[in-house]
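Please open the model in your viewer and keep the selection panel at hand. The stops below take you from one selection to the next.

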Amino acid sequence: MITPTARFAPSPTGPLHLGSLLAAVGSYLDARAAGARWLVRIEDLDTPRVVPGCADGMLRTLETFGFEWDGDVLYQSTRRSDYHDALLRLTAAGRTFRCSCSRKDLAVDDDAGGYPGTCRSGPTKSGPTSTRFRVSDGPIHFDDLFLGRQAFDLAACGDVVIERRDGLASYQLAVVVDDAFQQVTRVVRGADLLSSTPWQMDLQRALSLPQPIYGHLPLLLEPDGAKLSKSRRSLPLDPSRAASALFSTLTHLSQSPPPELAHSSIKEVWKWAIRHWNPQALAGKAKVHLSA
Ligand SMILES: [Zn+2]
């Protein structure tokens, strides 16, 4: 019997902001309501973008906000050999190819998918290469905890980079290997990662790894519907106003906290939120607008 396990997995490339708080709170409430363990994983693999001291700051912020995680924090920078093993297994199974396309060569935004298969039969030019995962043919679907039935066409998602030109494992591969390593059964995260889920599920199938349940939380948007501005995203959470930020986050998560809770302590807000967690309130909500 596997213990239900959830995780929060921030990248230490900037302080936690309102959007990351929403993902952390949603994941935490889902986990506590499901009786699951809640783990923290620091995704510090993209070393060129990692900000020194940022991970420690994140953990302190989570503590100030009253999060209690289970077990030790896992750092992806300690996990490189496992990512490499997974890459070798995929290669042995004929599921990888070297790709010489640069970002500029591709007319599409690679992170959003749609690689046209240029190098499927070998690199098309000399120079550095990345390694791509050859996606399966056909559709992939899953029942999202909040968004309901989701269906994707893997061919349209395109082959995804699993090892970058600089030799680092890509986000997609590392997440899949670590979710299995940590026996994660519930992945609750922001809807900005919804388009990554088909790749991650296809990688799990190719590596014969168990598939977690997925739930994608609404994206926080500016009042005019624009993506959360850089200034708001780089605004660190204020520890001295943790209880009120937590209260606002519950509102963003459609949990309808009673107004009097706005002036309560962190402990009281959590107590109410865990007791009243209502995932149905998030049904079909892919975005939420901040008030002006
Ligand atoms: Zn290519």
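What covers the buried residues of H8? The model you are looking at is predicted, and the tour starts at this helix, H8 (242-252). Eight of the eleven residues of H8 are buried, so this helix is largely enclosed by the rest of the structure. Select Ala242, Ala243, Ala245, Leu246, Phe247, Thr249, Leu250 and His252, which are the buried residues in question, and then display their surroundings: the cover includes H1, H2, strand S11 (219-221), H9 and strand S12 (287-289).

Move next to the residue that follows H8, Ser254, whose phi is positive, near 60 degrees. Ser254 is found in the loop between H8 and H9, and, at 19% relative accessibility, it counts as buried because the cut-off is under 20%. If neighbours within four places in sequence are left aside, the contacts of Ser254 are Ala281, Leu282 and Lys285.

From here, widen the view to the largest nonpolar core, which has 46 residues and in which Val25, Trp38, Leu62, Phe67 and Trp270 touch the most other members. Two or more residues of this core come from each of strand S1 (5-8), helix H1 (18-33), strand S2 (37-42), helix H2 (54-64), H8 and helix H9 (266-275), and it is H1 that gives the largest share, eight residues. Another core lies apart from this one; it has 28 residues, including Phe152, Leu154, Trp199 and Leu203.

Select Trp38 and show what surrounds this residue. Beyond the neighbours within four places in sequence, Trp38 is in contact with residues among them Ala6, Arg7, Phe8, Ala24, Tyr28, Phe67 and Trp69. With the rings displayed, a cluster can be traced in which ring pairs link Phe8, Tyr28, Trp38, Phe67 and Trp270.

For a further ring pair, select Phe142 and Tyr214, which are both buried. Their arrangement is edge-to-face, with 5.9 Å centre to centre and 65 degrees between the planes. Phe142 belongs to strand S6 (residues 139-144) and Tyr214 to strand S10 (residues 213-217), so the pair ties together parts that are 72 residues apart in sequence.

Now centre on the zinc ion. Which residues coordinate the zinc ion? The donors are Cys99 (SG), Cys101 (SG), Tyr115 (OH) and Cys119 (SG), at 2.1 to 2.3 Å, and their spacing in sequence is C-x1-C-x13-Y-x3-C. The angles that the four donor atoms subtend around the ion are 99 to 118 degrees, which makes the arrangement tetrahedral. Cys99 and Cys101 are both buried. Keep Tyr115 on display and add Arg132, which lies over the face of Tyr115 at 3.6 Å from the ring centre.

The last stop is helix H5 (residues 171-181), a mostly covered helix in which eight of the eleven residues are buried. The residues to select are Gln172, Leu173, Ala174, Val175, Val176, Val177, Asp178 and Asp179, which make up the buried set of H5. Select Phe181 as well, together with Arg79, whose charged end sits over the ring of Phe181, 3.7 Å from the centre of that ring. H5 is followed by Gln183, and here phi is positive, near 55 degrees.

Key
Residues numbered from 1 in each chain as written. Predicted model: local features only at pLDDT ≥ 70, side-chain atom pairs only at ≥ 80, totals over all residues. Heavy atoms only, no water. Core = buried A, V, L, I, M, F, W, Y, C linked by side-chain atoms within 4.5 Å. Buried < 20%, exposed > 50% of the residue type's maximum accessible area, 1.4 Å probe, protein only. Helix = DSSP H or I, 4+ residues; strand = E, 2+ residues; numbered from the N terminus. Contact = heavy atoms within 4.5 Å. Donors = N, O, S within 2.8 Å, 3.2 Å for Na, K, Ca; no water. Tetrahedral: all angles 85-135°; square planar, octahedral: opposite > 155°, others 65-115°. Phe/Tyr/Trp six-rings, centres within 6.5 Å; stacked < 30°, edge-to-face > 60°. Lys NZ or Arg CZ within 6 Å of the ring centre and 35° of its normal.
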